Amino acid sequence: GGASRGTSDTAFTGAIAMYNVFEELLAQGKVETTRLNSLRVKLHVPCQWTCNFCHMEGNPSSQPIRNDMQFSGALVRFRDCFGFTEVHFTGGEPSIHPEITQFIAKAKSLGFKVKMTTNGQAKHSRYFECIWSGLDELNMSVHTLDPAELGKIMSPPKDAAWGKKAIEKQVGLIEALNGKVRLKINTCIGETEQPAIALADFVRRRDISWRLMNVLEIPEISYASLARACQTLGATPVRASVIRGSSSCSIDMRCEDGFAFKLKLIQPHFLEGMCANCELRAYGGCYEFAYGPRLEMERGMLMVRNCVHRDGPPFSLPIHAYFSHPIAQQLGEEL
């Protein structure tokens, strides 16, 4: 079993171990620094799943974004002001947005690489339509292969029969798309490492990129589970990557037989135009820090969300006010 919320000593040790890995790799000259180049676009809220750890990109009540001139103009400004080269469609579940193929085609026409995160529950034809429209990479959220465990992740919980159907859809889609598009499996690991252990053979046999991720709200416990998963799999760190302008970072892990995967982690990164005097930062309640800008629609306005924890300015700003705000200015300086 995994660490519970009460096993703080084990959890803290796991978190420290993760950050110590960075220090060791840095001393060996094995830490690569890249820059933030991706804009996350939250198309809408609806999703077939209700994962209990999903932060909904910081806003569970945003409106669907419209594929109009304002949206195109926003992409152009992020491209020209920050040098962003990638658009990452999220939600909710982006594949069920009625205009997802038009959004993908629009981003491609503006010169962006296009990624999308999905739960893999839509029809196969939908994903092939996205690929034909220009989708470059599909990130699929596969958190467990155990139907009962998947049901427990939902809020409210679902039964194992529901979980079995959902996992069968994911596996079928993976088999259909593997080799047709760049495919990556994302697995959130919370209080136990067992789902990751079971998934390792699945992704190894299919030669699919795999990324283990921590659950934001329980970072120490999650890091402890990630550390145990790596130990059980016999994986050791070979290099790390830090993204300038973002709290996102990762560690490349490799097993003796050559099997490789990534750990996606969160590092403390603040934008003083937003984070100065924040009480969450003061008492340690901030878990994602300044990850990067997200586009969303709220009250009929296209907004740039800068924080998943708090609402209102400067944490969420209208697109017309964002680029002149100190948050954008600091981000531009970092990049």
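1. A salt bridge, as the term is used here, is a side-chain nitrogen of Lys or Arg within 4 Å of a carboxyl oxygen of Asp or Glu. Keep that cut-off in your head and look at Glu296 and Arg305: their side chains meet in a salt bridge, with 3.1 Å from N to O. That distance is within the 4 Å limit, so the pair counts. Both Glu296 and Arg305 are buried. One thing to remember throughout: this is a predicted model.

2. How many salt bridges does a search of the whole structure find? The total comes to 25. As for the general idea, side chains of opposite charge can pair when their charged atoms come close. The next points pick out some examples.

3. Start with Lys108 and Asp136, whose side chains form a salt bridge at 3.1 Å, N to O. This pair links distant parts of the chain, 28 residues apart: Lys108 sits in helix H3 (residues 100-109), while Asp136 is in the loop between helix H4 (124-132) and strand E5 (137-141). Are these two buried or exposed? Neither word fits: Lys108 is partly exposed, with a relative accessible area of 32%, and Asp136 is partly exposed too, at 27%. Buried would need a value under 20%, and exposed a value over 50%.

4. Now try Lys115 and Glu137, which meet in a salt bridge of 3.8 Å, N to O. Here Lys115 belongs to strand E4 (residues 113-118) and Glu137 to strand E5, so this pair also links distant parts of the chain, 22 residues apart. Lys115 is buried, and so is Glu137. There's a bit more to this one: salt bridges that share partners join Glu86, Lys113, Lys115, Glu137, Arg182 and Lys184 into one network.

5. While you're around H3, find Ala107, which is in that helix. Ala107 is buried, with a relative accessible area of 0%. What does Ala107 touch, leaving aside its neighbours within four places in sequence? The contacts are Leu75, Val87, Phe89, Phe112 and Val114. Glu86, a member of the salt-bridge network, has its C-alpha atom 8.5 Å from that of Ala107, although the two are 21 residues apart along the chain.

6. Next, spin the view to helix H4. Its buried residues include Arg126, Tyr127, Cys130 and Ile131. They cover an arc of only 140 degrees around the axis, so they sit on the same side of H4. If that spacing looks odd to you, recall that an α-helix has 3.6 residues a turn, so residues three or four places apart point the same way. Among the elements covering the buried residues of H4 are H3, E4, E5 and helix H6 (160-177). Just after H4 comes Gly134, which takes a positive phi of about 120 degrees.

7. Helix H12 (residues 326-334) has a similar story to check. Its buried residues are Ile327, Ala328, Gln330 and Leu331. Looking down the axis of H12, you'll see them fall within an arc of 165 degrees, so they line one face of the helix. What covers them includes helix H2 (69-82), helix H9 (272-275), strand E13 (316-318) and helix H11 (319-322).

8. On to the empty spaces. The count is 2 cavities of 30 Å³ or more. The largest cavity holds about 70 Å³ of space, and its lining includes Phe270, Met274, Cys275, Cys278 and Phe315. H9 and helix H10 (279-283) are the elements giving two or more residues to that lining. By class, the lining has 9 nonpolar, no polar and 1 charged residues.

9. The second largest cavity has a volume of about 60 Å³. Two buried residues of H12, Ile327 and Leu331, are among its lining residues. Met274 is in this lining, and also in that of the largest cavity. How does the lining divide by class? There are 8 nonpolar residues, 3 polar and no charged.

10. Last, have a look at the second largest pocket, with a volume of about 420 Å³. It is lined by 17 residues, and Asn52, Phe53, Ile153, Gly190 and Glu191 lie nearest its centre. Helix H5 (147-153) and strand E6 (182-189) each supply at least two lining residues, with H5 giving the most, 3 residues. The pocket lining is made up of 7 nonpolar, 5 polar and 5 charged residues.

Terms used: Residues are numbered from 1 along each chain as its sequence is written. This is a predicted model: local features need pLDDT of at least 70, side-chain atom pairs count only at pLDDT 80 or more; totals for chains, interfaces and linings use all residues. Side-chain values use heavy atoms; hydrogens and water are left out. Buried means under 20% relative accessible area, exposed over 50%, partly exposed in between (1.4 Å probe, protein chains only). Helices (H or I, at least four residues) and strands (E, at least two) are DSSP runs, numbered from the N terminus. The arc is that of the directions from the helix axis to the C-beta atoms. Contact means heavy atoms within 4.5 Å. On a 1 Å grid over the protein atoms alone, a cavity is a set of points where a 1.4 Å probe fits but cannot get out, and a pocket is an open set with protein on both sides within 12 Å along at least five of seven lines; lining residues have an atom within 4 Å of a point. Grid points are joined across faces, edges and corners, and a volume is the space filled by probe spheres set on the points. Ala, Val, Leu, Ile, Met, Phe, Trp, Tyr, Cys and Pro count as nonpolar, Asp, Glu, Lys and Arg as charged, and the others, Gly among them, as polar.
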